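Here are my notes from going through this model. They are in the order I would raise them over coffee, starting with a question about the surface.

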Amino acid sequence: MWKKGLGLGLTAALAIGTAACGNSSNNGDASASAPASSAATSSSTASAAPSKASSGDKAVITYWTDDRHDQEYIKSLIDKFNAENKDNIEVELTVLSENYNQSVDIAFSSNKAPDVLRLKSANTETFVKKGYLAPIDAYVTDDMKSKFGSLLLDGVNTFDGKLYSLPNSGQTLRLVYNKDLFDKAGIANPPQSLQEMVDDAKKITAAGKSEGAYGFALNFKNPKSAFDRSIREILSLSGYQGLGYDLKTAQFDFKPYGQVVDYFKQMWDDGSVLPGAETLDIDPMRAQFAAGKIGMYLSFATEPGVYKDQFPTTINWSAALAPTLEGKQVGTSEIVSAGTWLGISDRSKHKDAAWKFMAYMYQDDFLTAYHEQGFGISVVPSIAEKAKNPDIPGMEGFLVGEHDSIWPVSPSVTPEGANYGDAFFKYMLSGGDVNKVVTDLNARYNDALAKAVEKGDVKIQPNPSFDPSKLGS
Amino acid sequence: MTRWTRLRENSLLLLPSVILTVALGIYPLIWVLRYMFYDYPGYGEETFVGLENFRRLLRDTAFWESVRNTFVFAGGKLLITVPLSLVLAVILNGRLRGRHFLRAVFFMPTVVSTAVIAVVFYLIFNSYNGMVNQLLMKYHLIGSPFEWLGPKHAMLTVILAAAWGAVGNYMLLFLAGLQSIPHDLYEAAAIDGAGPMQRFWRITVPMLGPVMQIIIMLAIIASLKGYESIMVMTEGGPIGKTEVMYLYLYKLLFPVATSGAPADQQFGYGSAVGFTTAVIVGIITAAYYWMSRKMNKVF
Amino acid sequence: MNEQTAAMGKPVPRKRQDGAAFGWAGARLAAIAGRAVLWIFLLAVALLTLFPILMTVTGSLMTNAELMGGGRILPSSWQFHNYAEAWRQSNFARFTWNSVYMSVAATVGTLLVAAAAAYVVDRRHFPGKSLYVGLQASTMFVSVGAVVLRPQFDLMVKLHLSSSLWGVILILISAHASTFFILLGFFKAIPRELDESAMLDGSGFIRTFYRIILPLLAPGLGVSGLFAFRHAWNEYILPLVFTLTDPGLQTLTVGLANLRYGASAAMQLNLMMAGACLSILPMLVVYMLANKSFMQVTAGSVKG
C-alpha cells in the first residue's frame with residue numbers, strides 16, 4: 001500500500017516540479033543577461049520571445065557554431081544586432097557542443113539548414129564541395145577587400161575563384177608547461193628539441209612520481225585530436241606540413257610524422273606519460289594539469305581561457321614554442337583555423353539579411369574586442385597591429401610572433417582503414433616497425449587522394465619550390 | 001459476423017503493425033542490400049562498385065578483429081549475466097523479506113543512461129586515480145595501479161560494466177517466467193521430501209525450459225549487438241581493443257568527432273559490413289536455436 | 001532410501017533433507033548457515049550494483065574540479081546547488097518533458113499496435129499468417145546495425161517528421177516484434193471460449209476486450225510496457241540524430257550527455273551527475289507502477 005502512495009507521490013512531485021520549473025526556466029531564457037543559462041545546446045533566442053511571433057517583414061536567421069569558448073561574447077553581439085538593426089532582422093544562435101559536422105549534414109539533407117555557419121579550416125572545403133555555402137563575392141565591399149586582402153587564399157576561403165568566408169582569428173599552438181615541476185626537476189628552460197623533451201619528461205617524472213606527477217600527457221582517448229594539437233606544430237616548426245602532406249610533391253608522406261612519433265613512443269616506454277593517458281579526454285587532462293600532475297603538453301590558444309574559468313589553478317605555468325626535430329626552427333608554427341569565420345548557406349532564404357549580420361560581426365571594433373578578450377588571435381593585419389594584448393594569464397605565450405604563420409591548405413581525405421592518428425598511436429602502444437606503419441599509411445592515404453582527385457573532390461598542385469622558411473615573411 | 005466485416009476488422013487491426021514493420025523495418029534492409037554494392041559518401045554521387053566492398057571487407061583486419069572482440073565480449077557478458085540473473089531471480093522469487101526492495105535495487109542499473117554510466121565507470125576504473133585502484137592499493141591488494149582501461153584489460157572492464165547494466169533486466173525476465181510455474185508443484189515436491197536443490201533442478205529448470213531458451217536467445221542477440229555502452233566508455237577502447245562489430249559499423253557511418261575535419265560517411269561499405277554482421281549474428285542465433293531445442297520440451 | 005521411495009511414488013514421511021546427517025540440531029544450523037550465505041551473497045551483489053549509483057549521487061554533490069580530479073568518495077563540501085544549476089543550465093524541465101512525451105507515446109503506441117496484431121494472429125485466420133509472423137521474427141533477429149538510421153531518417157524527411165520527436169516515436173514503435181511475441185504468448189494462454197462466449201452473448205467486441213481480455217492480458221502489458229518504456233527512455237543514438245538540428249527537442253539522454261560541455265569549452269561532469277540522478281526518478285516511478293501489474297500475475301496460484 002505504501003508503495004502505491006510513494007509511487008503516486010513521486011509522480012505528483014515530478015509533475016509539479018516540471019510545471020513550476022518549466023515556467024521559470026522559460027523566463028530565464030528570455031532574459032539575455034542570464035549567464036550561461038541556456039548554455040551549450042539551447043537554440044536560444046537572443047532577444048525577447050514575444051517579438052518572434054510578430055509577422056511582417058521580420059527575417060529570422062539562424063547562426064550555428066561549434067565554438068563554446070566565446071559563446072557569451074557572441075551572444076552579446078547578437079543581442080546588440082537584434083536590438084539595433086533597422087532591417088527587422090532577428091538572429092538566433094545555436095551552439096552545438098559536438099557532432100557539428102554531422103549536424104550540418106543532417107540539417108542540409110532535411111532542409112533545415114542554418115543561414116549562417118561557423119566555418120573552420122578543416123570543414124570549409126568539404127562544405128563548399130557539398131554545395132552548402134553561398135559565395136559572397138557579390139557582397140564584399142572594396143574596403144573589406146583591402147582589409148582582408150592578403151588573407152584571401154585559395155583552398156582556405158576561396159574555392160574555384162569564388163570567395164566564401166573572411167578571416168577573423170586563428171589559433172596558435174604551443175607547448176604548455178608547468179614551471180614548478182620544471183624547477184623541481186632542475187630544468188631551466190622548456191625543451192627546444194624533441195630529444196630534450198624526452199629527457200625533460202623523464203627527469204620530471206623521476207622528481208615528481210612520488211606525488212603522482214608525470215612529465216607528459218595528451219588526450220590520447222582520441223589519438224588524432226591529440227596529435228593534431230601537438231605533432232602538427234612540431235612538424236610545421238621543423239619545416240614539414242603538420243598533417244602528413246608533402247606540399248612539394250602534392251602527395252602524402254608520413255615519414256617525418258613517424259620520426260616525431262618515435263620520440264613520443266620513447267616517452268611512453270620511459271613511463272614519463274601520465275598513466276591511463278590512453279583513456280584521457282581533453283578536459284580530464286586539463287584538470288590534472290591544473291592540479292599540477294602534468295609537466296607538459298601541447299595545445300591551442302584556448303588553454304589560458306580554460307585555466308582562467310573552468311579549471312582555476314595555482315600552479316605557475318607558461319607557454320613556449322614547440323620543440324623541433326633537430327632543435328632548429330626551419331619552418332614556422334602553423335596558425336590554424338585562420339582563414340575563415342562565418343559563411344552563408346546556399347539554401348538560405350534570407351541571404352541579404354544573412355550578409356548584413358555577417359558584415360556587422362566583422363566590424364573592426366568587434367574583431368578587436370574578440371582578440372583582446374582572448375577568444376582567438378587576430379590574423380587581420382589592421383586589427384592585430386592596433387589591438388591590445390588580452391589580459392588572461394598565460395596568453396602572452398600564445399601571441400603571434402615571428403615564428404608563426406599560416407600554412408597552405410592540405411587536402412583532407414578519408415583513407416580505407418585506420419587514420420594516421422589511430423595507426424601511429426597503435427604503434428606507440430604495441431610497438432612494431434615504424435617504417436612499415438609509414439609505408440602503409442602513405443599507400444592508403446595516397447590511394448584515397450588519387451580517388452578523390454579522380455572524382456573531382458579535391459585539386460592538388462605540386463609545388464617543388466615550396467620553402468617553409470619563407471612562410472610568414 | 002460477415003466474412004467481409006471480419007476481413008476489414010482483421011486488416012484494421014493488423015495494418016499499423018504491417019505498415020510500420022515494412023516501412024521502417026523491411027525497407028531499410030532492402031536499402032542496405034542495394035547500397036552494399038555501391039560507394040556512397042552520404043551525399044552527392046553514388047558509384048556502383050559491385051563486389052569491391054566485400055573484397056575490401058576480406059582484407060579489413062580491423063573488422064575481423066572486431067568480430068573476435070564481439071565474441072569475447074558477448075561470451076564474457078553472457079557468462080556473468082545469465083547465471084547471476086537466474087540465481088537472483090530464483091532467490092527473489094521465493095518468500096524473502098525485502099525481496100521487493102532488492103528487486104528494485106537490482107533493476108536500478110538498467111534505468112541509468114549510458115552516457116552517465118560511461119563517466120561513472122571512468123571515474124571508478126581509470127588507472128590514474130580511479131576508485132577501484134585507490135581501494136585496492138589502500139588495502140595492499142595490488143602494488144601498482146591496475147590498468148583497467150588499458151589495452152590489456154579494457155575488454156574485461158567493459159564486460160563488467162555491461163553485465164552490471166544487464167543483470168537486472170534478465171532477472172526480471174526470469175522472474176516473470178518463474179512466476180508462471182504453479183506453486184503446487186513445489187509444495188507437492190516438498191511434501192515428497194525434495195530439498196531446495198532438488199526442487200530447483202527437477203522442477204524449476206525443466207519448467208523454465210522454453211522461457212529460458214527464449215531469454216537466453218534474446219541475451220545472446222543483445223550481447224552480440226550491444227555497443228552503446230562500449231561506445232561511451234571507451235569509444236572502441238585503446239587502439240581498438242574493445243571495438244565490437246556494431247561499433248565498428250557505427251563509426252563508419254558516424255565518424256568520431258575530431259577537431260574540425262569531417263570524415264566521409266561510408267554508406268556503401270557500411271552496408272556491406274552491416275550485411276555481414278547480420279549474417280554472422282543470424283548464424284549464431286540459428287546455431288543456438290538448433291542446439292537448444294531440447295529446452296523446448298518440458299520434461 | 002528416500003530417493004528410492006520417491007521414485008516409486010510412495011509417500012514418504014516428511015523430513016527435513018538439509019543437514020539430516022547431523023540430526024535435528026545440525027539441520028537447523030545448516031539451515032541458518034545456508035540462509036547466512038544467501039544473505040551475504042545478496043548483499044554483496046547489491047553493494048556492487050549500487051556502488052556506481054552511489055558514486056553518481058556523491059559525484060553530483062562535488063565541485064567539478066574535485067570530481068574530475070578523482071579519488072574521492074565523499075565530497076569535501078556538499079554542493080547542493082548543483083541540482084538547481086543542472087536544472088537551469090540544461091533546460092532540464094524541457095528535456096524531461098521530451099523524454100516523458102516520447103517514451104509514453106512510444107510505449108502506448110507499441111502496446112496498441114502489438115496487441116492488435118497479436119490478437120488477430122492468435123484468434124483469427126487469414127492468409128499469409130505465417131509470413132507475417134516470420135516477418136516479425138526476422139526483424140528481431142536480423143539487425144544490420146546503425147546503417148538503417150539513414151534510410152529511416154530519409155523516410156522521415158519525406159514525411160516531414162525528421163525534426164520532430166514523432167519521427168523517433170514511430171521508429172521506436174516499429175520495433176514492436178518482441179512485444180508482439182510476448183503478448184502473443186499471453187493471448188495463447190487466454191482461453192478462446194472466454195471471449196467467444198461473451199461475444200455470442202451479444203457483448204460487443206470492445207466490451208469483450210475491455211472486460212474479459214484486458215484484465216488477463218494485464219501482466220503481459222505490464223512487462224512489455226515496462227520494457228518498451230525503458231527502451232524508449234534510454235534511447236540515445238536515435239534522438240541524438242533526430243534532434244541535432246533542434247536542441248529544444250532533445251531528450252534527457254541526449255541533454256545529459258551534452259551537459260558534459262559547459263559554457264567555456266570544458267566538461268561539467270558534476271552537473272551531469274546531478275542531472276542523471278534526477279532522470280532516474282521517472283523511470284523508478286514507472287517501474288513501481290508496472291511492478292504491481294505483472295507481479296500480481298498469472299493464472300497460477302502464486303503467492304508472490
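Which residues form a nonpolar patch on the surface, and how much accessible area do they have together?

1. The patch. Before anything else, keep in mind that this is a predicted model. The answer to the question is B:Leu79, B:Ile80, B:Leu156 and B:Leu160, which together show about 350 Å² of accessible area. Two elements of chain B each give two or more residues to this nonpolar patch: α3 (61–93) and α7 (154–179). If you want a place to start looking, B:Leu79 sits in helix α3 of chain B.

2. Chain B as a whole. I count on the assignment here: twelve helices and two strands in chain B. Going along the sequence, the pattern reads α-β-β-α-α-α-α-α-α-α-α-α-α-α, with the two strands following the opening helix. Along the principal axes, the C-alpha atoms of chain B fill a box of roughly 80 × 75 × 30 Å.

3. Chain B against chain C, the extent. On this side, 90 residues of chain B are in contact with 86 residues of chain C. The two chains bury about 8,000 Å² between them, and carbon and sulfur atoms account for 74% of that. Three residues, B:Leu13, B:Leu24 and B:Gln179, supply 8% of the area that chain B buries against chain C, which is more than any other three residues give.

4. Chain B against chain C, the polar part. There is one salt bridge between these chains: the side chains of B:Glu9 and C:Arg124 meet at 2.9 Å, N to O. Polar contacts between chain B and chain C come to 14 residue pairs, with both partners at pLDDT 80 or more. Helix α1 (residues 3–35) gives the largest share of the side of chain B that touches chain C, namely 19 residues. By class, that side has 58 nonpolar, 21 polar and eleven charged residues.

5. Chain B against chain A, the extent. Here 34 residues of chain B are in contact with 34 residues of chain A. The buried area is about 2,800 Å², and carbon and sulfur atoms give 53% of it. For anyone comparing notes, the size of an interface is often given as the accessible area lost when the parts come together.

6. Chain B against chain A, the polar part. Three salt bridges are counted between chain B and chain A. One of them joins the side chains of A:Glu416 and B:Arg56, at 3.7 Å from N to O. Two residue pairs across this interface are in polar contact, both at pLDDT 80 or more. In chain B, helix α10 (residues 228–234) brings the largest share of the side touching chain A, with three residues. The residues of that side divide into 17 nonpolar, ten polar and seven charged.

7. Salt bridges elsewhere. Over all chains, the structure holds 28 salt bridges. One to look at lies within chain A, where the side chains of A:Lys120 and A:Asp66 meet at 3.3 Å, N to O. This pair links distant parts of the chain, 54 residues apart. A:Lys120 is in the loop between β3 (116–118) and α5 (121–129) of chain A, while A:Asp66 is in the loop between β1 (59–65) and α3 (71–84) of chain A.

Notes
Residues are numbered from 1 along each chain as its sequence is written. Chains are lettered from A and ligands numbered from 1 in the order in which they are written. This is a predicted model: local features need pLDDT of at least 70, side-chain atom pairs count only at pLDDT 80 or more; totals for chains, interfaces and linings use all residues. Side-chain values use heavy atoms; hydrogens and water are left out. Contact means heavy atoms within 4.5 Å. Buried area is the accessible area (1.4 Å probe) that two parts lose on being put together, summed over both. A salt bridge is a side-chain nitrogen of Lys or Arg within 4 Å of a carboxyl oxygen of Asp or Glu. A polar contact is a pair of N or O atoms within 3.5 Å; within protein, one must be able to donate a hydrogen and the other to accept it, and residues adjacent in sequence count only if both atoms are side-chain atoms. Helices (H or I, at least four residues) and strands (E, at least two) are DSSP runs, numbered from the N terminus. Ala, Val, Leu, Ile, Met, Phe, Trp, Tyr, Cys and Pro count as nonpolar, Asp, Glu, Lys and Arg as charged, and the others, Gly among them, as polar. Patches are made of residues with over 30% relative accessible area and no salt bridge: like charges are joined within 9 Å, nonpolar side chains (Val, Leu, Ile, Met, Phe, Trp, Tyr) within 5 Å. Accessible areas come from the Shrake-Rupley method with a 1.4 Å probe; for residues, only the protein chains shown count as cover.
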